[in-house]
Amino acid sequence: MTMHKAVDVNVDAMLEDLRTLVEIESPSRDADALRASAEAVAAVIENRLGGRAVMMESEAGPHVHWSAGGEPEVLILGHHDTVFPLGTLERRPFTVEDGHATGPGVFDMLGGLVQAIHGLAALDDRSGVEILVTADEEVGSRSSRALIEERALACGAVLVFEGAAEGGALKTGRKGCGTFQVSVTGRASHAGLEPAAGVNALIEAAHQVLDIAALGRADIGTTVTPTVASAGTLDNVVPAEATVIVDVRVESATEKERIESAFAALAPYLDEAEITVQGGVGRPPMPESASAELFAVAKQLLPGLEGKAVGGGSDGNFTAALGVPTLDGLGAVGGGAHADHEYLVIEAMAERATLVAGLVKAIRK
């Protein structure tokens, strides 16, 4: 079972749709921008696939859902929010040059959405297929998680169109990931006249940062990385408040529990200092076992295709944790996610769109 030449996939048409989506900027948490983006995504889906794409309102912005009808069998999953603020497009416009498409969101993950839609358009029979494009993946999927899980369980198989791993590999496993905020409350005083009368929240935070960083276990894939810190108000005032933000990645549910318990148990070093912790490992790990069956099919369709476990999380983490077969990294081949050098490899677009069609046909058998 290998793929036939993608005769029904038009790369110029894919680039046209990609330009349309990229040129409507869609930063997370910007309600107006996300509404315009969702409307554009819905229009592309309806134009290429027919039917009606439904806007599903949420506090984060509209999610887009489309169904071909029939008994649900496969969920195409993606997101239309990006990490880039309004105005990025003016500085870094959509460009096609030297075999690459560039612009904010081409790789993460508008290119993948376009490839998925055009791959489905090449099928004569799309029954059993659903598409869900969410508005808040880049900020934790709080408003979309329940919907994602509902449709994943209903369909029984999930294809995630995040950008491919390095070298075009599919993403067969992902770490669980989350963010913690550690807040320290001390007591202000004059740093010159009465330094001992204060409780220095910055010194307390420094103790905590060292303990927190020591929670990492590189040998088993656990990373605990303090990333953002703030403290103090003026150079002559003992800081009364300090905050530390920590990024956490884990490969197992056991490590998720260990890390969350360790954060809950943080205790102050300084008398009268207080510590509060918010957050957790919001995305559970996606074990490679969740993708094994679907990845085997993908390798039959595209011999030589590789799979990699990666550190970043996606909405596929949620579906895999439910026990639903999930294959990720089916989107754009390229790189530079979340960076100014983000790019998509145009030559790979037809092949990946055709892979979508082949996977859907195989899943529905």
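Thr233 is exposed, with a relative accessible area of 67%, in a model that is predicted. Two other residues, Thr82 and His65, are treated below as buried positions, at 4% relative accessibility for Thr82 and 15% for His65. The briefing also covers helix packing: H1 against H2, H1 against H4, and H8 against H10.

**Thr233, an exposed loop position**

- Thr233 belongs to the loop that links strand S10 (223-231) and strand S11 (241-250).
- Because exposed means over 50% relative accessible area, the 67% of Thr233 places this residue in that class.
- Between the C-alpha atoms of Thr233 and Ala188 the separation is 9.6 Å, and the two residues are 45 residues apart along the chain.

**Thr82, a buried loop position**

- The loop between strand S3 (74-79) and helix H3 (88-91) contains Thr82.
- Buried means under 20% relative accessible area, so Thr82, at 4%, counts as buried.
- Apart from neighbours within four places in sequence, Thr82 is in contact with Ser26, Pro27, Ser28, Gly105, Asp108 and Glu138.

**His65, a buried strand position**

- His65 is located in strand S2 (residues 63-67).
- With a relative accessibility of 15%, His65 counts as buried, because the class is defined as under 20%.
- The side chains of His65 and Glu130 are joined by a polar contact of 2.8 Å.
- Setting aside neighbours within four places in sequence, the residues in contact with His65 are Arg52, Ala53, Val54, Met56, Glu130, Ile131, Leu132 and Arg151.

**Helix H1 against helix H2**

- Helix H1 (residues 11-22) and helix H2 (residues 31-49) have axes that come within 9 Å and cross at roughly 160°.
- H1 is therefore roughly antiparallel to H2, since angles over 145 degrees are classed in this way.
- The crossing of these two helices, H1 and H2, is right-handed.
- On the H1 side, Ala13, Glu16, Asp17 and Leu21 take part, and they meet Ala40, Val41, Val44 and Arg48 of H2.
- Sorted by class, the contact of H1 with H2 comprises five nonpolar, no polar and three charged residues.

**Helix H1 against helix H4**

- The axes of H1 and helix H4 (residues 106-121) also come within 9 Å, and they cross at roughly 135°.
- This crossing angle makes H1 oblique to H4.
- H1 passes H4 with right-handed geometry.
- From H1, the residues Ala13, Met14, Asp17, Leu18, Leu21 and Val22 meet Val106, Leu110, Gly111, Val114, Gln115 and His118 of H4.
- By class, eight nonpolar, three polar and one charged residues make up the contact of H1 with H4.
- Ala13, Asp17 and Leu21 of H1 take part in the contact with H2 and also in the contact with H4.

**Helix H8 against helix H10**

- Helix H8 (residues 292-301) packs with helix H10 (residues 349-363) at an angle of about 125°, and their axes are 10 Å apart.
- H8 is oblique to H10 as a consequence of that angle.
- The crossing in which H8 passes H10 is right-handed.
- Leu294, Val297, Ala298 and Leu301 of H8 make the contact with Leu355, Gly358, Leu359, Ala362 and Ile363 of H10.
- The contact of H8 with H10 has eight nonpolar residues, one polar residue and no charged residues.

Key:
Residues numbered from 1 in each chain as written. Predicted model: local features only at pLDDT ≥ 70, side-chain atom pairs only at ≥ 80, totals over all residues. Heavy atoms only, no water. Axes fitted to C-alpha atoms, helices over the stretch in contact; angles between N-to-C directions. Helix = DSSP H or I, 4+ residues; strand = E, 2+ residues; numbered from the N terminus. Parallel < 35°, antiparallel > 145°, perpendicular 65-115°, else oblique. Left-handed = near helix turned anticlockwise from the far one by under 90°. Contact = heavy atoms within 4.5 Å. Nonpolar A, V, L, I, M, F, W, Y, C, P; charged D, E, K, R; others polar. Buried < 20%, exposed > 50% of the residue type's maximum accessible area, 1.4 Å probe, protein only. Polar contact = N/O pair within 3.5 Å; in protein donor to acceptor, adjacent residues only side chain to side chain.
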